[in-house]
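Here are my comments on the structure you asked me to look over, set out as numbered points.

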Amino acid sequence: ARLGEYEVLEPIGEGGMGVVYRGIQPVIKKRVAIKVLKPSVAQDEHQVQRLITEAEAVNAIGHRGIIDIFSLAQLPDGRPYVVMEFLEGEPLDLWLQKQPAGRVPLLTALELLLEVCAPLAAAHRANVIHRDLKPSNIFVCKQADGSRFLKLLDFGLAKRAVSLDGN
């Protein structure tokens, strides 16, 4: 199946709002993830607005530690979908479960914390508050050389503020 310029390959995940598919741009072989809202969710204007808010917030921030959203469009039946970067790895909550006794050494925990703080600080500089930060919304990306880095996901509950002054 095709959505715009992308080929849809197979489903790779499902949540309360929608289904995520692996996709590819066939000319340049760019791998992408495509999130399509479920029909029941697409009827809810609040949930559709949440998807739009996420795309706007992510692009307003523009930080490498936040998943990149390339486009927002509609299926022929009117359901919206987003095209975003494809990430290799797993959510932090699953990664933590695989650690010995579900724990990480203090130094590793501090490194993870600092790595999450950088994109959050960038969001705050752009006057965006995530409002749903939890391990399942932090993705541990694996690189070809075996190293890892974190990306923040799901800015669907993000709130835009005129300014963040600590209140």
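The points below take up a buried acidic residue, a hairpin and a surface patch in turn.

1. Please keep in mind throughout that this is a predicted model, and that each value quoted here was computed from it.

2. Glu54 lies in helix α2, which spans residues 45-61. With a relative accessible area of 5%, Glu54 counts as buried, because the cut-off for that class is under 20%.

3. What does the side chain of Glu54 meet in a polar contact? Its partner is the side chain of Lys35, and the polar contact that joins the two is 3.4 Å. When neighbours within four places in sequence are left aside, Glu54 is in contact with Lys35 and also with Ile69, Asp154, Phe155 and Gly156.

4. Strand β9 (residues 138-142) pairs with strand β10 (residues 148-152) in the antiparallel sense, and the pairing runs over 5 bridges. One of the residues to look at here is Lys142, whose bridge partner in β10 is Arg148. The two strands, β9 and β10, form a hairpin with 5 residues between them, and in the turn Gly146 has a positive phi of about 95 degrees.

5. On the surface, Leu106, Leu107, Leu110 and Leu113 form a nonpolar patch, and together they have about 430 Å² of accessible area. Leu107, one of these residues, is found in helix α4, residues 106-125. Is Leu107 buried or exposed? Leu107 counts as exposed, because its relative accessibility is 60% and the cut-off for that class is over 50%.

Methods
Residues are numbered from 1 along each chain as its sequence is written. This is a predicted model: local features need pLDDT of at least 70, side-chain atom pairs count only at pLDDT 80 or more; totals for chains, interfaces and linings use all residues. Side-chain values use heavy atoms; hydrogens and water are left out. Helices (H or I, at least four residues) and strands (E, at least two) are DSSP runs, numbered from the N terminus. Buried means under 20% relative accessible area, exposed over 50%, partly exposed in between (1.4 Å probe, protein chains only). A polar contact is a pair of N or O atoms within 3.5 Å; within protein, one must be able to donate a hydrogen and the other to accept it, and residues adjacent in sequence count only if both atoms are side-chain atoms. Contact means heavy atoms within 4.5 Å. Two strands pair if DSSP finds at least two bridges between them. Patches are made of residues with over 30% relative accessible area and no salt bridge: like charges are joined within 9 Å, nonpolar side chains (Val, Leu, Ile, Met, Phe, Trp, Tyr) within 5 Å. Accessible areas come from the Shrake-Rupley method with a 1.4 Å probe; for residues, only the protein chains shown count as cover. A salt bridge is a side-chain nitrogen of Lys or Arg within 4 Å of a carboxyl oxygen of Asp or Glu.
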